[in-house]
Every structure is written in C-alpha cells, then in structure tokens.
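Let's take a walk through this protein together. Keep the viewer open beside the text and follow along as each part comes up.

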Amino acid sequence: MSGTHEITELLGDGIADELRESVHAVAEVLPGIYTFDTMDLAYENRRKEGRELYDRSVASMQRTGVGFKYPTATIEESPNAVLRKLLKFSVIHRPISSIPGIKTNFTGKLDLDIIRIATGGTYDDPGQMIGDYAAASLRIVDRKTCEQAARYAFSVAMRERKSLTSSSKYTIQRITDGLFEDIVQEVANEFQYSGQIEHRRELFDALLAKLVMDPENFQVVLVLNEYGDFLSDLASGMVGSLGLGASVSLAFSEKGQVAAAMFDATHGTAPDIAGQNKANPTAILLAFSMMLKHLGDTQSGEALRKGLFECLDAGETTGDIGGPHNTESFTREVIERVRANLAE
Ligand code: ATP
C-alpha cells in the first residue's frame, strides 16, 4: 500500500541539511507521495522564534500524527526534551539489529525491536534521603501507559510477524512488575493475539543471558523504563554501533491509539563534519524506513532497509565506516538498490 502522506519535518543543526537532502532524494524514487510540513528547529531559528516555534511544531505533529526529526544541538535547551514534554511521548520503539560489514565482538545475529515504556519506573522520582544513612525513591508503573505500550508492541509483532517477549522482575517486584505483566497478558487476551502471536514472559536478568546465548529467540521485546535503558545499550554494543541506530517516540490518545510518532536517528549533529558532504545518512534513512512501515508503506520501508544493508554488506559505505563514498554518492548507491528491490 502506498498513498499520499503528510509528515511534519523538523530541521536541525550540523549535518542535518545533508541528511535531509539524502532523505528527500530517496523519498522521490518511492511509489508513495510524501509532503512535508517543515519546521526549522535549527538553533538560530529556535533563538529567534522561541516557544512559538515549538507550539507550531507540536500543532503540526498533532495534525499529521507523524514527525520526522533531524539531529538538533542542545545549547540552551534540548529540543528532544522539550518535544517529549509537550507531546507527552511515553513509549520509545528502537529496532536494533546486526549490521552487515560492521565489526563487532558479538558473533551471533541480533534482530530486536525494543519497545520501552519511557516514563515512570524509578526515573521520574529523584528520591530522597531518609535521615543521613539511607535514601529511597518511588517506583511508578502506570496502568494506562503499560496498556498503550502493550497494544503498540502487539501491533508491531503482528505487522512484522514476530514473537513478543515481555520482560521484568515480576517474581521480585511483584506489585509493580507484576502489574506490568498482568496488563500485557490482559492486552494479549483482549485482542486475541495470544493464538496468533507467540507471547512469552522472561525474567529480565535471564533475558540478558539468553539474548547473548540465543539471540534468534528474541524479536519484539517489551519492557519498563529502566530495563529498556539497559537493554538498548547492551544491544547497541552487541551490534557494534551506537551511531547507526534509529528510533520512534510515541504519544497516545485517550483511546490508546498512536496520536503522534516522531522518528529520528540516535546520533548527534556531528558539527565537526557539517557541510562537507561526509555525513553518513544510514541512521536517518533507517528512521525513514521505520516511518514508511508505520505509515503502511511496508514494501517501500523494507526495500529501503534492505537496500541500506546491501550497501553496507558490499562495503559501499561512507568514509566514517571505511567506505569510499560521500553523502551524495552513498545516497545514489542506496537509491539504485531501493529501485531494484521495489522492482522485485
Ligand atoms: P552532539 O552535540 O549533537 O551530540 P557530537 O559531535 O558531540 O554532537 P555526535 O554527533 O554523535 O556527537 O558525533 C560523535 C562523532 O561521530 C563525531 O566525530 C561525528 O563526526 C561522528 N558522527 C556522528 N554522526 C555521524 C554521521 N551521521 N556520519 C558521520 N559521522 C558521524
């Protein structure tokens, strides 16, 4: 399926402009039509327009339901943190898979979709001292957010025909993690996914060991805030790259539907190479591929992801990871493969 989609595009700093050219060049060869409501979140413009710019960006994303963001510099404020707060993002979906051609100490093959509840847990409470000798913090697990995350996770598992593992320490943190696992089970039953999608629960410590030993047994993994934090870094380390990742931040409506989804690359603005046609657009193009799948343009999303991996596998990469290409020539290589994949 491919149709017309409007996307809120959030410009950024450093290499953002080069990345944008690469994304638009790829978008042009796809069968779908993509129009962009563009907001300039580059630092100079943020300074000039202030809060009003964020309000317009938020209104646009609430209208289109989809945001695509380039890296922004954190100088006076972190645009990511501001948008997270204004749009009430509560879940982060981060696919992490083995990348062809990237050297890593881990020899297994990883292909994970980490879906992390990005609020609550112990991270929302700074804690407090109890006298001089102890400190305590509150751990919050919120029913509604768990339900929303679980529904989203099951829908991804369904779309991608993958199994789903929910993971926590439900035997120790019986109340908080127990509530999380109960809700995941409720959602599984409610949507009658149980029969169609393999759902397992796994203690989080056991998950870490099993993931390293038998990575092929894990596909979509749904976790609470802290666990997702640890798991994302472990998985990034396993595939040998923190710099080639992409993710989507999600906000939900009262009814539990995705109200806003903002896609971006996990790397920063790389000011040292900005404007030199050296930026590696792999991560931002992976973010674009995720967005295409979210929009229902699954074939285009897959053709792009496959095309990127084919380039990396063939050593047709940008200079930062040892290849002969600059941003433009790498983008041309990707486009050639995307075209071939779409024609298959
Ligand atoms: P920021 O403050 O925005 O996080 P930074 O330079 O501190 O910027 P990164 O942007 O993640 O952090 O960059 C770290 C290093 O990796 C830099 O040397 C940068 O050039 C390189 N780098 C990051 N992203 C890319 C990319 N897409 N292509 C090529 N090199 C990159």
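Helix 5 covers residues 143–160, and its 18 residues reach 26 Å from the first C-alpha to the last, close to the 26 Å expected at 1.5 Å a residue. Please bear in mind that this is a predicted model. Many positions along helix 5 are buried, among them Thr145, Cys146, Ala149, Tyr152, Ala153, Val156 and Ala157. Buried positions in helix 5 also include Gln148 and Arg151. An α-helix has 3.6 residues a turn, so residues three or four places apart point the same way. Just after helix 5, Arg161 takes a positive phi of about 50°.

Which residues does Ile115 touch, leaving aside those up to four places away in sequence? Four of its partners, Ala149, Tyr152, Ala153 and Val156, are also buried residues of helix 5. The other contacts of Ile115 are Val91, His93, Val220, Val221 and Leu222.

Ile115 also leads us to the largest nonpolar core, which has 90 residues. Within this core, Ile115, Ala153, Leu222 and Ala287 touch the most other members. Helix 9, residues 282–294, supplies the largest share of the core, with 9 residues. Where does this core lie? Because domain 1 (1–91 + 247–344) and domain 2 (104–239) both give residues to the core, it lies between them. In soluble globular proteins, nonpolar side chains tend to be buried together.

Now step back to the two domains. Domain 1 is made of two stretches, 1–91 and 247–344, while domain 2 runs through 104–239. Their C-alpha centres lie 26 Å apart. The contact between them takes 7 residues from domain 1 and 11 residues from domain 2. On the side of domain 1 that touches domain 2, there are 5 nonpolar residues, 2 polar residues and no charged ones.

Next, turn to the ligand. There are 14 residues around the ligand, and His267, Gly268, Thr269, Ala270 and Asn280 come nearest. By class, this shell divides into 7 nonpolar, 5 polar and 2 charged residues.

Our last stop is Glu344, in the segment after helix 11 (327–343). Is Glu344 buried or exposed? Glu344 has 7 C-beta neighbours inside 10 Å, so it counts as exposed. The C-alpha atoms of Glu344 and Ala303 are separated by 9.5 Å, although the two residues are 41 residues apart along the chain.

Terms used:
Residues numbered from 1 in each chain as written. Predicted model: local features only at pLDDT ≥ 70, side-chain atom pairs only at ≥ 80, totals over all residues. Near = placed C-beta within 6 Å. Nonpolar A, V, L, I, M, F, W, Y, C, P; charged D, E, K, R; others polar. Helix = DSSP H or I, 4+ residues; strand = E, 2+ residues; numbered from the N terminus. Buried ≥ 20, exposed ≤ 12 C-beta atoms within 10 Å, placed from the backbone. Domains from an automatic or database assignment. Contact = placed C-beta atoms within 7 Å. Core = buried A, V, L, I, M, F, W, Y, C linked by C-beta atoms within 7 Å. Expected span 1.5 Å × (residues − 1).
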